[in-house]
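Me: I have a structure open and would like to talk through how its labels are earned. Could we go step by step?

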Amino acid sequence: MQMTPEDITAIWLSLKVALSATALSLPFGFAVAWLLVFKTLRGKVVLEVLVNLPLTLPPVVIGYFLLLLFGKNGWAGKLLAEWGIELIFTWKAAVIASAVVGFPLLVRSIRLGMESIDRQLVDASRSLGASWHDSLFTIILPLSLRGIFAGASLMFARSLGEFGATIIIAGNIPGRTQTIPLAIYDYASSPSGSAMALSLCLVSVIISVAVLLLHEMLGKQLQRSTDQ
Amino acid sequence: MIQAMKKVTILCFALLTMTALTAKAGELNLSVAASLKEVINELSASYTATHPGTVFLKNFGPSGTLAGQIENGGPADLFIAANTEWMDYLNNKKLVEASTIKTFAYNSLVFTGTTNKKVQSIKYLPKLDKIGIGSPKSVPAGEYATAAITKAGIASQLTNKLVMAKDVRECLMYAELGEVDGSFVYKTDALLAKKSKLLFTVPQALYPRVVYPMALTNKAAQNSDAKAFIAYLQGKEAKSVLTKYGFILK
């Protein structure tokens, strides 16, 4: 195992970015899943397509759109600049990239969890006088915990691997925006870097396996506790 | 059902082996550094006009990726790299025919951008906020740029201003969009820019020469089509196309 201080930073940065992206997306993911499952909306198909779009679009396309949107001349970029927030080429840009790319995975999982909830429970709570937010937080939220957890861990794992969108809006700056995949890309394109690339690949595999194992184990545990 | 699936599988296998065997005479596989895309497209098109029997399969990409593909048995008859490092690497592994290694062209490093600030030479760079540069570990242009700012003695003043991109074209895109004040790119890339202006040419004394070496791979060394094409690439027509795109011949 060979590693430079910059590689260690890349590992920490990857974890930080993946965690922030997941935490940032959770409330939105929950809200969108709830809208899709429990509400009758006009143009639901449009929302559905929009939410799932990052799953099929090439990440490079997403990165380029985000750069145009959050860049100096984009409207979101101008707005943030007025508040003194600089996004492009910082680790926050990597969070945005991961959040957008991983969002569909989160919503899909939460949705599956919500769809398995017995509708009669929700209807019963409402007929007994619970307001919509009461039944949301006391019935729907606890019963979809499994889906939320599954979605969050999947999204976390996906964020760890984000490359295409990140390298466009965050750049590839060692020690600042360089995450594990970007560092591997750097090493793999130089003849002398293969040992370093392999060390980081190993770290990447270990983290991914750990996250997926956790995903499986906690998924089973939660299932057992809801079955009882 | 199972019968039908078996048939489909056999058909798929047959198709796969057929496509694998269709690499026939007259077909040339080119593995070319991405910065030469426009030049090679133009040259291969005019070569086909006079040699209708030759069909080109072109693979453009970063030199390192191309060398890796050749090392792992990817089909390639002619390899043109954007630096000598990768050509030496393949030569050491005896994967290219040493006697066919020639210099195809040279390039030069420039600084291009949309900034309104006064940037007349490399000494003005510390006054800028953000500077685009190819990631020095993987992008040769970034390596040359790093050499230049180090030799000019301004490296420490630029540490927090450098934005590292995955290739030269990404650097150029950042400059075009105004996300950086300016970027280090090759002159040939700067000429393709629409908005950014060429602010200054980096003095050659500050960085090693940018060389594009070319060679035939081992298996193509006896291929007469490949030999004819590499000779054409050293001829008059190739030289005028290279000049047109801003490459340097000597």
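Me: Happy to start with chain B. What share of its residues count as buried?

Reply: Of the 250 residues of chain B, 41% count as buried. Please keep in mind that this is a predicted model. Chain B holds ten helices and ten strands, and its C-alpha atoms fill a box of roughly 70 × 50 × 35 Å along the principal axes.

Me: What makes Lys94(B) count as exposed?

Reply: A residue is exposed if 12 or fewer other C-beta atoms lie within 10 Å of its own. Lys94(B) has 9 such neighbours, so the label exposed applies. Lys94(B) sits in the loop between H4 and strand S4 (102–107) of chain B. Its phi is near 60 degrees, a positive value in a residue other than glycine.

Me: Why is Phe89(A) called buried?

Reply: The cut-off for buried is 20 or more C-beta neighbours. Phe89(A) has 25 of them inside 10 Å, and therefore counts as buried. Phe89(A) also has a positive phi, near 65 degrees, and belongs to the loop between helix H4 (75–82) and H5 of chain A.

Me: What is worth noting about a positive phi?

Reply: Most residues other than glycine have a negative phi.

Me: And why is His215(A) called partly exposed?

Reply: Partly exposed lies between the two cut-offs, 12 or fewer for exposed and 20 or more for buried. His215(A) has 19 C-beta neighbours inside 10 Å, so it falls in that middle class. His215(A) is part of helix H11 (residues 194–227) of chain A. Leaving aside residues up to four places away in sequence, His215(A) touches Ala150(A), Ser153(A) and Leu154(A). The C-alpha atom of Tyr187(A), 28 residues away along the chain, is separated from that of His215(A) by 30 Å.

Me: How do you know that the length of helix H5 of chain A agrees with what a helix should span?

Reply: The expected span is 1.5 Å times one less than the number of residues. For the 25 residues of H5(A), residues 91–115, that gives 36 Å, and the end C-alpha atoms are 35 Å apart, so the two agree. There is still a kink of about 45 degrees at Gly102(A), shortly before the proline Pro104(A).

Me: What makes H5(A) mostly covered?

Reply: The count does: 21 of its 25 residues are buried.

Me: Back to chain B. Why are S7 and S9 said to stand at the edges of their sheet?

Reply: The sheet is open, with five strands in the order S7-S6-S8-S5-S9 and mixed pairing. Strand S7 (162–165) and strand S9 (197–201) each have a single partner strand, so one side of each is left without a neighbour in the sheet. From one strand to the next, the twist averages 35 degrees.

Me: How do you know that S6(B) pairs with S7(B) and with S8(B)?

Reply: Two strands pair if there are at least two bridges between them. S6(B) and S7(B) have four bridges, in the parallel sense, with Ile131(B) opposite Leu162(B). Strand S6 (residues 131–134) and strand S8 (residues 182–186) have two bridges, also parallel, and Gly132(B) has Ser183(B) as its bridge partner. Helix H7 (residues 168–177) of chain B packs on this sheet, touching S5, S6, S7 and S8, and its direction makes about 145 degrees with that of S8(B).

Me: Which way do the residues of S7(B) point?

Reply: Leu162(B) and Met164(B) point one way, Val163(B) and Ala165(B) the other, and all are buried.

Me: What makes S1(B) and S2(B) a pair?

Reply: Seven bridges join S1(B) to strand S2 (residues 55–61), and the two run parallel; Glu27(B) has Val55(B) as its bridge partner. Strand S1 (residues 27–33) is mostly covered, with six of its seven residues buried.

Me: How many residues does each chain bring to the contact between them?

Reply: Chain B brings 16 residues and chain A brings 17 residues. On the side of chain B, helix H3 (63–71), helix H4 (84–92) and S7 each give two or more residues. That side divides into seven nonpolar, five polar and four charged residues.

How values were computed
Residues numbered from 1 in each chain as written. Chains lettered and ligands numbered in written order. Predicted model: local features only at pLDDT ≥ 70, side-chain atom pairs only at ≥ 80, totals over all residues. Bend = angle between axes of the 7 residues up to and from the residue. Axes fitted to C-alpha atoms, helices over the stretch in contact; angles between N-to-C directions. Contact = placed C-beta atoms within 7 Å. Nonpolar A, V, L, I, M, F, W, Y, C, P; charged D, E, K, R; others polar.
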